[in-house]
Structure formats: C-alpha cells, structure tokens
Amino acid sequence: METIRKETKKLERAELNCKVLKSTLLYVKKRYGEKLLAQLIQDTGQDLNYLQDENNWVSWSYYRHLLKAVADTTQDPKAPFEAGTIAATKEAWGSTYTIFRFFGTVKFTIKKVVEMVPNFNKAALWELLELKRNEAVIKITWKEGIETDRYACENRHGQMASIPNLFDMPMAKVQELQCQAQGAPYCVDIYTWLNRPRRILGVMGLAISLPLVMVSLIILPKSTLNGITGLLLMLVAYTVGRLLDYRKIIKENTLMTEEQNEALEKSVTAITKKYDELQAANEELEKTHAELQKHRDHLEELVQERTRELQTANEKLKDLDQAKSRFFSNITHEFRTPLVALSSTIQMIMEGGLKDSVQQEKLLGDSRAFLDDMLENVNDLLMLTKSQKGLLEITWSELEIASFVDRTVKAFESAAKSSHNRLKFTNKLEKPINIYTDRAKLKKVLNNLIGNALKFTKDGEVEVVVGASPSPNPSHQGRGNAGTCEIQVRDTGRGIPKEDLATLFDPFTQASNNPLREVQGTGLGLATVKEFVEKLSGKVSVQSEVGKGSIFTVELPLGDRHIDKTKLDTTNLTEDENIKINLGLKNFDEVDLSHLRGEVFGRDKILIVEDNSQIIQILGYVLKDYYNLDFAKDGEEGLQKVKAQRPALIISDIMMPKMNGYELAHAIKTDEELKLTPVILLTSKADIESKIKGYEEGADEYLSKPFNNREILTRVKGLIERRKLEIQFFQSGKLASIGVMVAGIAHHFNNKIHSPIQGVDILRNRIERVKTGNASFEEIVPDVKEVLEIMEEELDAVRVIVQDLLVASHHGATQMNIETVDLNQILQRGVRILKAGNAARIQFHETYGTVIPIQGDSIRLEEVFINLIKNASDAILGNGNIWIKTWQESNFIFASVRDDGVGISKEDLDKIFDLFFTTKPVGSGTGLGLSVSHATIQAHGGEIQVKSKVGEGTEFIVKLPVDRKRSS
C-alpha cells in the first residue's frame with residue numbers, strides 16, 4: 001500500500017476523469033459495503049469525496065493501482081471486470097442514462113462513447129475500426145510514457161460489454177484480438193451483442209390503417225359502431241406490425257444464438273472426448289494397478305531371496321575381512337623384520353661399530369636382500385590390484401619355452417643350496433617349441449611357484465618339468481590351436497591340507513593360516529600366479545597331500561589364436577633398455593641434439609615437443625633415419641616453430657611448462673593455416689579421461705609411455721600420408737570451386753556486356769546516318785532511346801554483380817544506410833518487379849500481416865527479397881505458385897517466400913548459403929545471391945532459414961528483430 005500512496009500523490013497529472021472510476025466505486029460499495037470502500041480508498045492515500053466528484057481528475061497510474069487494490073482486497077481477480085459492468089446503470093451514467101435508453105441503440109451508444117473518450121481519458125487514443133448493427137471493433141493505443149496492465153483492460157471490457165444492459169439486453173460478448181499489456185503495439189477488442197426489438201413495422205401498420213379508418217368514417221354513416229371498428233382496425237394493424245418486428249428480431253437473435261450454441265457444442269464435444277480419453281486411461285491404470293498387485297507377492301518373495309543372498313554375501317564379506325586382517329598382520333611382520341635389521345645395520349655403520357669390511361659387506365648385502373624382498377611384496381600387491389581392475393597390460397612376445405624355464409630355474413640354485421634341497425630341471429619336449437606369452441608375467445609366475453616350493457621343502461627335492469599335450473582335435477593342429485604347453489613345479493615338502501585347497505589361490509590367504517607358523521608371507525603370491533596365468537589365456541591347478549608334497553601345474557596354449565596381435569612386441573628389448581640406461585642427461589639445454597637433427601632433401605619434417613631429454617633422444621633414435629627432425633622444449637616454443645617451419649607432423653608431450661600439450665594441440669587445430677597438421681600426444685597417463693581430453697583438443701593420435709618403436713613409426717607414417725591426401729583433396733576442391741565461380745561470373749559479364757557493345761555499334765550507325773543525311777535527328781531518337789535503355793539495364797545488372805562481389809569480399813560488412821523500413825512495402829515492390837515478366841506462368845499469393853516498421857537498409861533488404869522471389873520463380877520450370885507471407889511474433893518480424901518448384905536436394909541444403917555455391921548450370925548463376933542475402937540479414941541482426949524437399953518446393957524464412965540494438 002505504501003507504493004500506492006506514493007503514486008496517488010501525483011494528482012497534478014490530470015489524465016483520467018473521476019467519472020471513469022464511478023463504476024468501480026459503486027461495485028465495491030454494493031458488493032462489500034461502504035465501510036470497506038472507505039478503508040480501501042484511505043489505504044490508497046486518497047479522499048473518497050474527491051473521487052466521487054466528476055469535476056476532478058486523477059493520474060492513469062492511480063487508476064491502475066486502484067484496480068489492483070480492489071482485486072487484492074476482494075481476493076477476486078475478476079473484480080476489475082465485474083466493476084466495469086456497473087458502468088451502464090442509472091447510478092453511474094446519471095441523466096445520460098435516460099437519454100440513451102429511450103432515444104438510442106447499442107450501436108449508436110458505442111459510437112458516442114468512443115467519440116466522447118477524449119473528454120474524460122487523456123491517456124489513450126480510441127479508434128472505431130468497424131461498426132455494424134450488432135458488432136464493433138475498437139482499437140486503443142496508449143500514449144507514449146503511459147503504462148497499462150491487464151486490470152485496466154479487464155475493467156474496460158466490463159464497461160463496454162455492459163452497454164446493451166441500457167436496453168434490457170444481455171451483455172455483449174468480448175473478443176480480444178491483441179493486448180498492449182501483453183506486448184502488442186496496441187489493443188484491439190471486438191464486441192458482439194444481440195439486436196434490440198424494433199417498432200418500425202408496427203408504426204407502419206398503424207400509419208396504413210389510419211387513412212382507411214378516416215375514409216370509412218367519411219363514407220359510411222356515422223355511428224358508435226363504426227368508431228369502435230376503426231379503432232379495432234388500427235390496433236390490429238399495429239399489433240401485426242409489432243409481431244412482424246418481433247419475428248424478424250427473434251430470427252436474427254436465433255441465428256446468433258445458434259452460432260453460439262454450435263461453438264458451445266464443439267467445446268462440449270471436445271470435453272467429452274477428453275473425458276472418454278481420461279476414462280480409458282483410468283481403466284488402463286486400474287489394469288496396471290491390478291497387475292502390480294499380482295506382482296507384489298512375487299516381489300516380496302524376491303526380496304526374501306535377495307535377503308538370504310545378502311546374508312550369505314555378508315558372511316563371505318566377514319570371512320574376507322578376517323582374511324584381510326590376517327594379510328595386514330602378515331605383511332606388517334614381513335616389513336617389520338627387515339626394517340629392524342636395516343635400522344640396526346645403518347645405526348652400526350653410523351656409529352662406526354663395523355670395522356671389519358667383510359662383515360660390513362655381508363650386512364649391507366643382507367640389507368639389500370631385505371629391501372628386494374620388501375620391493376617384491378609391494379610389486380605383488382600393486383600388480384594384483386591392477387590386474388583385478390582390468391588395468392594390467394599384456395605384451396605378447398614369442399619365446400622358446402624350454403630354454404626360458406631352464407634359465408629361470410638356474411637363478412634359484414643358490415637358494416636351493418641354502419635350504420638343503422635338490423633342484424633340477426626336466427625337459428620332456430621332443431623338439432624345441434615356441435609359445436606366445438608375456439615374458440615378464442611368466443617369469444613372475446615361475447619365480448613364485450619355485451620360491452614357494454623351496455620355502456616349504458627342507459632336505460628334499462624340487463623339480464621343474466616342461467612338457468606338451470597335443471590338441472584333442474587333430475584338425476586344429478597347425479592352425480593356431482596346437483594344444484598346450486605344461487609346466488609343473490613338484491616338491492617333496494610338507495604338503496597342503498585338503499580343506500585349504502579350495503581357497504589356496506584367493507588373495508590374502510595361506511595354507512594353515514597360523515601367525516606363529518614357521519614360514520610367513522603376505523598371501524599374495526599364489527593369487528598373483530592365478531591372475532597372471534589367466535591373463536595369459538592359461539590355467540593353473542594344484543595337487544597336494546600333507547607330508548608328501550605338492551604339484552603345481554601351469555597350462556599355456558600353443559599357437560597364436562589367444563593373443564592380441566596389435567600388442568605383439570617384436571623389438572629387441574635388451575637394446576631398448578641399454579639405450580634408456582645410457583641416457584644420463586636431464587637438462588634439455590645441455591643435451592647435444594645435432595646428431596639427431598637433419599635436413600635431407602625430400603624427407604618430411606617432424607617437430608618433437610618434449611621437456612624430457614631422455615624421451616627426446618629415444619624418439620630421435622627411432623625417427624632420425626626416416627624424417628628430418630627438430631625439437632622444442634615446451635609448447636610455446638613448439639607453436640612458434642610450427643608457424644615458422646610448417647612441419648608435416650608434431651609429436652608432443654602433455655605435461656610441459658609455459659604451454660602444455662593440450663593447449664598446443666588446441667592452438668594448432670583452431671588456426672586456419674595449421675589445422676591440417678597432425679598431432680600425436682605422448683603421456684604416461686593411460687586413463688580414458690586423459691585420452692578423451694586429448695581428442696577433444698584436436699589430437700589425431702594418443703600414445704602412452706612406454707611406447708613401442710615400430711608402433712610409433714607406423715602411426716607417424718600413416719598420419720603424414722593422410723595429411724598429404726587431405727591437403728591434395730582440399731586444394732583440388734578449392735580449384736574446382738574457383739573454376740566454377742570464374743566461369744559463372746565470366747558468362748554473366750559476357751552476356752551483360754554484349755548488349756552495350758552492340759548498342760555502341762547501333763548508336764554509331766545512327767549517328768553516321770544523320771551525318772550523311774540519310775536520316776534526320778528526330779528519326780533516330782526512338783532507336784537511340786531504346787538502345788540507351790537496354791544498355792542502362794544491362795550495365796545496372798553488371799553493377800549488381802560487382803556490388804555482390806564487394807559485399808562477399810567484405811563478409812557482408814559494407815556500410816549500411818539505416819532508416820525506417822516497412823517490410824510489407826518492400827515485398828510488394830519486389831513482387832511487382834518480378835510479376836511483370838512471370839505473370840503468364842506464375843500465380844502470386846500475398847498475405848501481409850500487421851507488422852510494425854523496423855530500422856534497416858531498405859535498398860539491401862529489397863535486394864534480398866528480390867533475389868529470394870527470383871530464385872523461387874527460377875525453380876518453377878512450368879506453371880506454378882509463389883506464396884509471400886509476413887507476420888509478427890513478439891519482438892521479431894517474419895517474412896516467408898515459398899514456391900512449389902523443383903526443390904533442393906538434401907546434400908545441397910547445407911551448402912546453399914556458401915559463397916560461390918549454386919545449383920544452376922555453369923554460367924547461369926554466380927553463387928553470390930544467397931550468400932550475400934545471408935550476410936545482409938545477419939548484418940541486420942536477423943536469421944534466414946531454408947526448408948525444401950525435392951519435387952515439392954522450397955521455403956525461405958527471414959527473421960528480423962524489431963529493435964536491432966536489443967537483438968545485437
């Protein structure tokens with residue numbers, strides 16, 4: 001209410017006569033009483049006596065806030081409309097009510113009300129657009145600076161709709177076409193009412209009967225009977241006329257009522273249809289509910305079953321927790337013992353307690369062994385975790401199995417002697433056999449099995465046996481599935497209890513788990529063995545008897561069916577390792593790379609961007625014999641060299657100072673001149689998120705460290721060849737496009753300039769005839785005039801082509817002459833221009849909506865629509881139609897040009913606005929029109945869209961903002 005009080009103090013703005021408020025005050029008084037009315041006016045900060053005096057004025061703002069206060073106080077959003085319906089009463093109109101009621105009609109009253117509005121409303125302009133016997137169309141426009149809202153509109157609707165009540169007729173029907181309060185430029189209302197009963201035929205009947213009565217009184221003898229008969233005759237004539245009056249008005253009202261009833265029936269039909277749909281949906285819901293009830297018992301059974309499964313899983317989880325607890329207890333012991341020994345040794349060395357060098361060397365040797373054991377345990381745990389998560393990489397290589405196992409067994413000879421065991425290797429293979437496996441993983445498996453056998457055997461024997469079993473299907477042999485290779489590790493140790501065999505290969509478990517037993521361990525060794533063997537497509541099993549020993553059997557497939565040939569390593573691992581070991585320099589600037597750089601003629605250049613000198617030299621050794629190389633220590637230097645040297649390919653690390661690999665790839669791929677340059681990113685991160693980010697930034701390939709040398713060579717070669725093909729294709733496409741464009745423009749210029757050249761010859765001929773006396777000047781004037789007009793027309797066409805080229809060369813950014821433009825007028829002129837030459841075969845259908853003027857360049861916009869209409873006419877091969885339509889939605893104006901021509905193919909739609917692209921034959925079009933039109937519409941802050949289907953026609957829709965500043 002405080003806001004209303006502030007607004008009502010501005011009464012010096014005399015915009016609305018208090019007479020307009022009278023119906024609102026009467027409504028509140030009659031409906032809610034004088035007390036509420038007085039309180040309401042007091043809350044608005046105004047005096048009731050002031051508002052009831054028709055000589056006083058208020059501001060339009062106060063009127064709006066008063067109506068809002070009425071709606072808020074009564075909590076009835078329809079109150080402003082209801083208040084307006086009180087207007088056509090004697091209390092509201094006073095003496096004017098009687099005059100209009102007895103001498104006027106609804107039509108006459110509405111007309112007078114509209115005419116009198118300026119006398120009591122200075123905030124709006126009222127205009128009577130159309131007035132019929134029972135219909136009126138009124139336009140209301142608020143003056144500049146005046147704001148309106150829906151409450152004011154509803155109040156006006158109520159006042160105007162109540163006018164038929166003056167004549168004891170139902171209220172008028174209100175139809176609102178548009179509303180300024182909802183964003184339209186002005187309001188348009190339609191009021192429809194029933195016809196008032198007329199008396200004209202009754203009066204005519206009375207007028208006709210009166211002479212007859214007079215004549216009868218003169219001719220016939222005077223008597224009382226004759227007088228009564230005459231009066232009866234007049235009464236009958238008047239009654240008949242009145243009946244005819246009523247019959248006609250009833251007929252008209254019946255027609256109107258039938259129309260209303262028809263509309264009502266349609267609404268009822270629609271509601272009935274919706275009700276039937278709801279009823280059907282309800283029945284479907286009931287069926288679904290019944291089915292759900294049927295499944296409820298089944299679900300309860302499933303829940304009970306899942307509960308039992310969860311209980312079982314919970315028990316297993318408890319067992320696993322206990323196993324993990326034992327694991328941590330064991331691993332704590334495994335780490336604590338060597339750490340204590342290491343701590344003691346270091347302390348003795350620091351205190352100088354070891355004077356004997358032999359003793360010192362022995363203790364240091366033992367310490368090194370302790371460290372190796374701890375590192376082995378950590379590696380076991382890490383590898384097992386990676387394997388269970390599916391992150392363990394397998395690198396396949398071919399090896400001769402017997403010699404490989406023999407070398408592994410010999411590494412345990414000293415350990416066998418220290419444990420007083422006999423260790424031997426037995427080869428049962430008839431001839432050497434090669435298998436495909438992972439060298440490191442298989443070595444880890446054998447180390448675990450042989451090490452365990454020696455640990456759990458005292459004064460006994462450990463034998464490692466290699467054999468082979470052929471495939472049970474002879475047809476498979478020689479086709480990559482030739483059976484299996486078997487490696488057995490046999491010992492005569494203590495054996496494994498039968499109850500422990502089932503969980504022997506589970507993580508964190510050990511046979512006879514007793515913290516005080518003689519041999520401790522982490523419980524990871526055999527779990528790692530099982531994981532690795534299965535990764536190698538094999539299987540592991542165990543046979544054991546307490547007191548007699550154990551036999552562990554590893555079966556690995558022969559042939560190459562089980563391997564991933566894309567991960568086959570055929571390089572010399574020893575040489576690769578030596579290269580890496582011999583590289584000791586770490587500072588990029590200290591590394592001499594001259595022996596790796598080269599400028600061999602005819603070779604492609606590769607730029608390596610890497611801050612690690614070891615990686616640079618490894619890549620250099622791999623690539624230097626095939627490519628010219630250059631190097632950069634970070635992305636910033638790399639980008640400078642890319643721009644200066646334009647290499648054929650870039651290999652870049654990701655983690656670098658100044659500019660990382662992602663940023664370098666992004667900078668290259670967003671540069672128009674560099675974007676075809678392939679980029680390979682190198683990183684030690686192998687996670688999928690890093691790879692996705694690399695590809696998003698534009699990387700063509702993504703390689704993880706450590707990398708395979710042959711793989712790098714293969715990928716580099718493939719990317720460089722692909723780049724050459726892309727550049728060749730791009731250049732050939734550009735040359736073809738330029739050729740088509742030049743041919744089209746040349747043909748256009750040739751056609752257009754041909755007529756002026758001929759015209760010059762004709763003019764010379766006519767002038768020569770005048771000089772020689774063969775013709776007079778007056779005789780050649782018509783020919784000269786016609787030739788000049790043709791020359792002007794053709795040269796103007798050349799000017800248009802040149803102007804389009806200029807606009808295209810500036811990407812549509814040429815200077816525009818901004819002025820107020822009526823889009824309907826522009827389209828009408830364009831249609832008139834093109835209709836002249838196409839009237840015989842094309843029918844134009846024009847529908848221009850109510851659109852407000854906009855700001856733009858009228859000449860350039862006219863060129864756009866002439867071009868669209870001309871393209872539409874060209875697309876119609878014979879007779880056809882073109883539809884032109886405009887309309888306004890909110891703050892945008894739309895224009896549509898549609899034809900029923902040949903249409904545009906789907907593959908051409910994406911290129912239709914490209915510069916120099918045309919679907920017409922060479923010489924029939926320059927490919928500039930639509931491209932320039934697109935640029936012009938964009939320069940106006942608008943959009944242009946195209947819809948088309950081959951054989952059905954094309955539609956171009958132009959969308960332009962009413963306010964360019966707001967749209968931009």
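Two strands count as paired if DSSP finds at least two bridges between them. Strands and helices here are DSSP runs, numbered from the N terminus: E over at least two residues for a strand, H or I over at least four for a helix. Okay, what we have on screen is a predicted model, where local features need pLDDT of at least 70 and side-chain atom pairs count only at pLDDT 80 or more, while totals for chains, interfaces and linings use all residues. Residues are numbered from 1 along each chain as its sequence is written, and side-chain values use heavy atoms, with hydrogens and water left out.

So, sheets to begin with. Here's an open one with 5 strands, in the order β8-β10-β11-β13-β12, and the pairing is mixed. Which strands stand at the edges? Those are β8 (422–427) and β12 (539–545); each has a single partner strand, so one side of each is left without a neighbour in the sheet. Ignoring direction, neighbouring strands are turned by 15° against each other on average. A word on angles: axes are lines fitted to C-alpha atoms, for helices over the stretch in contact, and angles run from 0 to 180 degrees between N-to-C directions.

Stay with β8 for a moment. It runs parallel to β10 (residues 461–469), and 6 bridges join the two. If you want a landmark, find K424, which stands opposite E463 in β10. Now the helices on this sheet, where contact means heavy atoms within 4.5 Å. Helix α14 (residues 401–410) packs on the sheet and touches β8, β10 and β11 (484–491), with its direction at about 175° to that of β8. Helix α17 (residues 525–535) packs on the sheet too, touching β12 and β13 (549–557), and its direction makes about 140° with that of β12.

Further along the chain, have a look at another open sheet: 5 strands, mixed pairing, order β20-β22-β23-β25-β24. At its edges you'll find β20 (842–848) and β24 (943–949), each with a single partner strand, so one side of each has no neighbour in the sheet. The twist here averages 10° from one strand to the next. β20 and β22 (residues 880–889) run parallel, joined by 7 bridges, and Q843 stands opposite N881 in β22. Then there's helix α26 (residues 858–874), which packs on the sheet and touches β20, β22, β23 (892–899), β24 and β25 (953–961); its direction makes about 25° with that of β23.

Right, salt bridges. I'm calling it one when a side-chain nitrogen of Lys or Arg is within 4 Å of a carboxyl oxygen of Asp or Glu. How many does that rule give? The count comes to 31 salt bridges.

One of them is K68 with D72, closest N and O atoms 2.8 Å apart. These two are 4 residues apart in helix α5 (residues 60–74), so about one helical turn separates them. For exposure, buried is under 20% relative accessible area, exposed is over 50%, and partly exposed is in between (1.4 Å probe, protein chains only). K68 comes out partly exposed at 38%, and D72 is partly exposed at 43%.

Next, E309 and R306, at 3.7 Å between the closest N and O atoms. Both lie in helix α12 (residues 224–351), 3 residues apart, about one turn. E309 is partly exposed at 40%, and R306 is partly exposed at 43%.

What about R715 and E701? Their side chains meet in a salt bridge at 2.9 Å, N to O. R715 lies in helix α23 (residues 709–772) and E701 in strand β18 (residues 701–704), so the pair ties together parts 14 residues apart in sequence.

Last stop: D630, K633, E637 and K641 are linked in a network of salt bridges.
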